[in-house]
Amino acid sequence: MWRPLGECTGLVLGGGAIGLSAALILRSRGCRNVIVADTNALRRNTAQADQGFTAIDPISKPPAESSFDLVIDAVGGKATRIVASHAVKPGGVITHIGVQDSNDGLDIRKLTLQEIMFIGTYTYTMVDFRATVEALRSGALGSLDW
């Protein structure tokens with residue numbers, strides 16, 4: 001299911017520099033319903049208080065099953081792949097950025113039966129780099145005081 005970002009719900013797993021940047025980019029591209037999940041209270045506070053995202057602790061308040069069109073895993077551990085597999089909607093997309101480990105965690109049966117797209121991404125092209133620098137320069141990502 002391909003939908004405009006403005007109609008999508010997004011979950012970013014990990015509120016560090018990569019995860020928070022991913023959330024800011026999603027918002028700058030029109031995704032208005034983005035939740036940042038992190039176990040670290042300081043990172044949740046930065047995402048919520050400083051950037052205006054809803055932030056959750058995925059251990060004490062796990063995301064609801066099949067509730068997000070797009071899940072970005074900026075951690076890349078078994079636990080976050082489990083959460084991503086659980087939280088993504090049928091027809092949704094999981095983008096895996098983090099490379100914490102390579103142990104298990106994906107629900108391959110769900111990905112197959114519910115036609116969920118899994119995309120691994122690690123680096124960028126010079127076009128991506130230039131677009132990022134321009135987004136930073138123009139203020140498209142908002143305040144970067146964090």
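**Exercises on pockets and salt bridges**

The second largest pocket has a volume of about 270 Å³, a volume being the space filled by probe spheres set on grid points joined across faces, edges and corners. This is a predicted model, in which local features need pLDDT of at least 70, side-chain atom pairs count only at pLDDT 80 or more, and totals for chains, interfaces and linings use all residues. Residues are numbered from 1 along each chain as its sequence is written, and side-chain values use heavy atoms, with hydrogens and water left out.

**Exercise 1.** Describe the lining of the second largest pocket.

*Solution.* Step 1: a pocket is an open set of points on a 1 Å grid over the protein atoms alone, where a 1.4 Å probe fits, with protein on both sides within 12 Å along at least five of seven lines; lining residues have an atom within 4 Å of a point. Step 2: 18 residues line the second largest pocket, and G14, A37, T39, V75 and T80 lie nearest its centre. Step 3: by class, 10 are nonpolar, six polar and two charged.

**Exercise 2.** Determine which helix gives the most to the lining of the largest pocket.

*Solution.* Step 1: helices (H or I, at least four residues) and strands (E, at least two) are DSSP runs, numbered from the N terminus. Step 2: the largest pocket, with a volume of about 1,200 Å³, is lined by 31 residues. Step 3: α1 (17-28), β4 (68-73) and α5 (126-138) each supply at least two of the lining residues. Step 4: α1 gives the most, with eight residues.

**Exercise 3.** Locate the salt bridge between K89 and D69 and state whether each partner is buried or exposed to some degree.

*Solution.* Step 1: a salt bridge is a side-chain nitrogen of Lys or Arg within 4 Å of a carboxyl oxygen of Asp or Glu. Step 2: the K89 and D69 side chains meet at 3.6 Å, N to O. K89 lies in strand β5 (residues 88-96) and D69 in strand β4, so the pair ties together parts that are 20 residues apart in sequence. Step 3: buried means under 20% relative accessible area, exposed over 50%, and partly exposed in between (1.4 Å probe, protein chains only). K89, at 24%, is partly exposed, whereas D69, at 8%, is buried.

**Exercise 4.** Place the salt bridge of E134 and R137 within its helix.

*Solution.* Step 1: the closest N and O atoms of E134 and R137 are 2.7 Å apart. Step 2: both residues lie in helix α5, three residues apart, about one turn of the helix. Step 3: E134 is partly exposed at 37% relative accessibility, and R137 is exposed at 63%.

Conventions: Ala, Val, Leu, Ile, Met, Phe, Trp, Tyr, Cys and Pro count as nonpolar, Asp, Glu, Lys and Arg as charged, and the others, Gly among them, as polar.
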